[in-house]
Amino acid sequence: MSGQHRWLFVRRALSARFALFGGIIVIGVTVMALGAPLISPYDPIKQDLGAALATPSLVHPLGTDNNGRDVLTRVIWGTRISLIAGVTSVAIGVMAGCLLGLAAGYWGGPIDDALMRLVDALLSFPALVLALALGAVLGAGLGGVLVALGVVYTPTFARLMRGQVLTIRTREYVHAARLLGGRDWWILARHILPNAATPIVVQASLSIGFAILAEASLSFLGLGVQPPDPAWGSMINAGRGYLQQAPWMVFGPGAALFLTVLALNFVGDGIRDALDPRTRF
């Protein structure tokens, strides 16, 4: 993609409703995640029981939790967990799903039947239930969450890629590549995958926000990042017992989760509009 086309793509993406707002929020969250050690005012895990449940003030803009830890600091550090979980789990799903979809769609026959029945079996479980089951088997912690969510998202990308391959493999340029002696993996990498990538990119951009939400759900249920490490889901879980006397314990991570997922959805909508083949630059 040339520089001119890249600029047109960005302009088209930002022209979507609220995409600019979403992009600003996503950039801000990314900066917070990368610069957490520099911009966070306190240690995220150091306790100060003398300042427990302190109300929001200039010293603690979002108050403190039941252990005296600054809520704002923990929200800032929690962005790292959320972004890592969202991006990495979707990346796992994209890689695994694309490999399965390419193999099933290109070679077909028994390979297609076997792989698609595996995908159907995974899709028969509700996404959160499957993630909970895999998280329980793999154990609590970020690694287990990443693998569990990666498995959950794999069927979506596998079916999407298979559908694209079934259409593209009948095109004239693919037949010509076979007649010229091109190997299957070369044809897949050179001709099929690049032409099937657009819907995958769109789906991946829309899935990151939902993966962050799923990670927060697992952390809320105790299967994600374990205390005292800050994660938005576990912070909301810890604060639900103090809703009456210290609602800020839930408001901080809840607002961060809401804004991040909303912004990612806006950005995903913008990317979808920019890559829509029915429109032109």
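Helix 7 contributes the most to the lining of the largest pocket, giving 5 residues. That makes it a good place to start a walk through this predicted model.

**The largest pocket**

The largest pocket has a volume of about 210 Å³. Its lining is shared among several elements: helix 5, helix 6 (127–138), helix 7 and helix 9 (184–220) each give two or more residues. In total, 16 residues line the largest pocket, and Ala127, Leu128, Val152, Tyr153 and Ala214 are the ones that lie nearest its centre. What is the make-up of this lining by class? The lining of the largest pocket has 14 nonpolar and 2 polar residues, with no charged residues.

**Salt bridges**

Let us turn to the charged side chains. Across the whole structure, a search finds 6 salt bridges. Three of them are set out here, among the 6 found.

| Pair | N to O distance |
|---|---|
| Asp65 and Arg69 | 2.9 Å |
| Arg74 and Asp65 | 3.9 Å |
| Arg162 and Asp112 | 2.8 Å |

Asp65, Arg69 and Arg74 are linked in a network of salt bridges. Are the members of this network buried or exposed? Asp65 and Arg69 are both buried, and Arg74 is buried too, at 5% relative accessible area. For Asp65 the relative accessible area is 6%, under the 20% cut-off, and therefore this residue counts as buried.

The side chains of Arg162 and Asp112 meet in a salt bridge of another part of the chain. Arg162 sits in helix 7 (residues 142–168) and Asp112 in helix 5 (residues 109–123), so this pair ties together parts that are 50 residues apart in sequence. The partners also have their own surroundings: Arg162 counts as partly exposed at 21% relative accessibility, whereas Asp112 is buried, with a relative accessible area of 10%.

**Helix 4 and its end**

Helix 4 takes in 37 residues, from 71 to 107. How does its span agree with what 1.5 Å a residue should give? The 37 residues should span 54 Å, and the end C-alpha atoms are 53 Å apart, which agrees. Just after helix 4 comes Gly108, with a positive phi of about 60 degrees.

The last residues of helix 4 bring us to the aromatic rings. The structure holds 4 aromatic pairs. In one of them, Tyr106 and Trp107 have ring centres 5.4 Å apart and planes at 90 degrees, so the pair is edge-to-face. Tyr106 is buried, with a relative accessible area of 7%, whereas Trp107 is partly exposed, at 33%. Elsewhere, Phe18, Phe21 and Phe266 form one aromatic cluster.

**Backbone details in the loops**

Two loops hold backbone features that deserve a look. In the loop between helix 3 (36–39) and helix 4 is Leu53. Its phi is near 60 degrees, a positive value in a residue other than glycine. Leu53 is partly exposed, with a relative accessible area of 27%.

Where does Pro228 have its place? Pro228 is in the loop between helix 9 and helix 10 (232–239). A cis peptide bond joins Pro227 and Pro228, with omega of about 10 degrees.

Technical notes: Residues numbered from 1 in each chain as written. Predicted model: local features only at pLDDT ≥ 70, side-chain atom pairs only at ≥ 80, totals over all residues. Heavy atoms only, no water. Helix = DSSP H or I, 4+ residues; strand = E, 2+ residues; numbered from the N terminus. Expected span 1.5 Å × (residues − 1). Phe/Tyr/Trp six-rings, centres within 6.5 Å; stacked < 30°, edge-to-face > 60°. Buried < 20%, exposed > 50% of the residue type's maximum accessible area, 1.4 Å probe, protein only. Salt bridge = Lys/Arg side-chain N within 4 Å of Asp/Glu carboxyl O. 1 Å grid on protein atoms, 1.4 Å probe; cavity = no way out; pocket = protein on both sides within 12 Å on 5 of 7 lines; lining within 4 Å. Points joined across faces, edges and corners; volume = space filled by probe spheres on them. Nonpolar A, V, L, I, M, F, W, Y, C, P; charged D, E, K, R; others polar.
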